[in-house]
Amino acid sequence: QVQLVESGGGLVQPGGSLRLSCAASGSIFSILAMAWYRQAPGKQRELVALISNDGSTNYADSVKGRFTISRDNVKNTVFLQMNSLKPEDTAVYYCNAALKTTDWSRPLNSWGQGTQVTVSS
């Protein structure tokens, strides 16, 4: 019923910037929170940034001051502005949403397909 579609990944040099987008569509009643996770080869998936329905945000220590999460509630879209990128930021970035659908009363977690971010010279 719900689909998350990420875009904006790619190859960038260290110190560069990228902006990721994730649009949620389908039978959405409300979105409780949206987040970005990432997973590098051989590592666990980790939370990068989260934005709640009250607008509060949370960031991994490794990205504080460099990444900014924001949202467009009308379009059900979350963004991740990534500045001062480092090679260690290289990973597949996944969009996540905690939401309620129109035909299911309990909250659900939905995931996007992932978008590759590569930071390299």
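**Exercise 1. Which residue in β3 is the bridge partner of Q3?**

Before we start, note that this is a predicted model, in which local features need pLDDT of at least 70 and side-chain atom pairs count only at pLDDT 80 or more, while totals for chains, interfaces and linings use all residues. Residues are numbered from 1 along each chain as its sequence is written, and side-chain values use heavy atoms, with hydrogens and water left out.

*Solution.*
- Step 1: Settle the terms. Strands are DSSP runs of E with at least two residues, numbered from the N terminus, and two strands pair if DSSP finds at least two bridges between them.
- Step 2: Look at the pair. β1 and β3 run antiparallel to each other and share six bridges.
- Step 3: Read off the partner. Q3 is bridged to S25 in β3.
- Step 4: Widen the view. An open sheet of four strands has the order β1-β3-β8-β7, with antiparallel pairing. β1 (2–7) and β7 each have a single partner strand, so these edge strands are left with one side that has no neighbour in the sheet.

**Exercise 2. Describe how β9 and β10 are connected and paired.**

*Solution.*
- Step 1: Find the strands. β9 covers residues 91–101 and β10 covers residues 104–111.
- Step 2: Follow the chain between them. Two residues make the hairpin connection from β9 to β10.
- Step 3: Check the pairing. Five bridges hold the two strands in an antiparallel pair, and A98 sits opposite N109 of β10.

**Exercise 3. Locate the disulfide and give its handedness.**

*Solution.*
- Step 1: Apply the criterion, a pair of cysteine sulfur atoms within 2.5 Å. The whole structure yields one disulfide.
- Step 2: Name the cysteines. C22 and C95 are bonded, with 2.1 Å between their sulfur atoms.
- Step 3: Place them in the chain. C22 lies in β3 (residues 18–26) and C95 in β9, so to speak distant parts of the chain, 73 residues apart.
- Step 4: Use the torsion. About the S-S bond it is about -85°, so the disulfide is left-handed.
- Step 5: Check burial (buried is under 20% relative accessible area, exposed over 50%, partly exposed in between, with a 1.4 Å probe and protein chains only). Both C22 and C95 are buried.

**Exercise 4. Identify the element that gives the most residues to the largest nonpolar core.**

*Solution.*
- Step 1: Define the core as a set of buried Ala, Val, Leu, Ile, Met, Phe, Trp, Tyr and Cys residues joined through side-chain atoms within 4.5 Å.
- Step 2: Take the largest one. This core has 30 residues, and M34, W36, L80, M82 and Y93 have the most contacts inside it.
- Step 3: List contributors. Elements giving two or more residues include β3, β4 (28–39), β8 (77–82) and β9.
- Step 4: Pick the leader. β9 gives the most, with five residues.

**Exercise 5. Trace the salt bridges of R38.**

*Solution.*
- Step 1: Set the rule, a side-chain nitrogen of Lys or Arg within 4 Å of a carboxyl oxygen of Asp or Glu. The count comes to four salt bridges.
- Step 2: Take E46. The closest N and O atoms of R38 and E46 are 2.8 Å apart.
- Step 3: Take D89. Here the closest N and O atoms are 3.0 Å apart, and the pair joins the loop between β8 and β9 to β4 across 51 residues.
- Step 4: Compare accessibility. R38 is buried at 6%, D89 is buried at 1%, and E46 is partly exposed at 33%.
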